[in-house]
Amino acid sequence: MNKSYLERVQEIVTINKPHLKASDEIWNILDTTKAIIFDGHFELLSKRHSDKFFRFAAITQYPYFVSKISQEMVAWIRNNNTEKIDVTLSPASQGMFFAYDLARELNGTMKTRAVYAAIDKDTGYPKEGFVEGFEIRRGERVLVVNDMTTTGHGLQTLINLVEKSYAKVVGVCLFGDRGVGEDNIKEIKRAYSFHSIVDLNMPSWPAEDCRIRCLSNKRLIKAVELHHLPIYSEENAYELYVEKLEEAKV
Ligand SMILES: [Zn+2]
């Protein structure tokens, strides 16, 4: 018997320390949005390849779901006794909806601002600079936020940006961590209070291994190219993206 989409999701996703009985909510969000794309061929921002992709935009198109995720993260923040948070900092990509909503959720007690790091258009990674007009002031307490990480590279850039601003990182939080076991991420976890709502067992590998690991001749879709395509909340999203890209070529 074929597995359902949700069963496949549950095989690769671990929910970390659920609060607010949020497990069902998280499964519902992933099942409804089909944010995890299976059976494809993707180049991640890190340039690594994988057969799976996590598209946070499938979730952020629903502010209601983002608010559920923020509530879950705030439960962790409170549990962790994190004192005042002046700023949530994310890249000006999908993670910004999470940073914005988290600041909104914290505003009742903390008057938290949301601030965004500019994105390098070519790599899709955050730059060590702010979106015009935004800043972090000396001594501010900053929560680093992103949708997910594979290598920790983007998180490190955000941390550097906080430190360059003479401010303090009080925590690092993600929706998903697909880089469990990566050295850079272990390093960040050692240095800072860290929480991901889910861990994603979605292996990726260097592009050089493509011929061995990617097996099929499936068309490679780059993360930076996927961002320009419509969001399909369908189980066969990869095929639909390929169709779109082929159409665009004609
Ligand atoms: Zn490949």
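**View 1. Strand 7 and strand 8 side by side.** In this predicted model, strand 7 (residues 113-119) and strand 8 run antiparallel and are joined by two bridges. To find one pairing for yourself, look for A117: its bridge partner in strand 8 is F130.

**View 2. The sheet around these strands.** Now let's step back to the whole sheet. It is an open sheet built from seven strands, and its pairing is mixed. Following the order across the sheet, you meet strands 1-11-10-9-6-7-8. Strand 1 (13-15) and strand 8 (126-130) are the edge strands, each pairing on one side only. From one strand to the next, the twist averages 30°.

**View 3. Helix 6 lying across the sheet strands.** Here you can see helix 6 (residues 153-164) placed across strand 6 (87-91), strand 7, strand 8, strand 9 (141-149) and strand 10 (168-177). Compare its direction with strand 9: helix 6 runs at about 165° to that strand.

**View 4. Where helix 4 meets helix 5.** The axes of helix 4 (residues 63-79) and helix 5 (residues 95-110) come within 9 Å and cross at roughly 60°. The two helices are therefore oblique to each other. Their crossing is right-handed. On the helix 4 side, the contact is made by V66, S67, I69, S70, Q71, M73 and V74; helix 5 contributes F97, F98, D101, L102, E105 and L106. What classes of residue make up this contact of helix 4 with helix 5? There are eight nonpolar, three polar and two charged residues.

Definitions and conventions:
Residues are numbered from 1 along each chain as its sequence is written. This is a predicted model: local features need pLDDT of at least 70, side-chain atom pairs count only at pLDDT 80 or more; totals for chains, interfaces and linings use all residues. Axes are lines fitted to C-alpha atoms, for helices over the stretch in contact, and angles run from 0 to 180 degrees between N-to-C directions. Helices (H or I, at least four residues) and strands (E, at least two) are DSSP runs, numbered from the N terminus. Angles under 35 degrees count as roughly parallel, over 145 as roughly antiparallel, 65 to 115 as roughly perpendicular and the rest as oblique. A crossing is left-handed if the near helix is turned anticlockwise from the far one by less than a right angle, and right-handed if clockwise. Two residues are in contact if their C-beta atoms, placed from the backbone, lie within 7 Å. Ala, Val, Leu, Ile, Met, Phe, Trp, Tyr, Cys and Pro count as nonpolar, Asp, Glu, Lys and Arg as charged, and the others, Gly among them, as polar. Two strands pair if DSSP finds at least two bridges between them.
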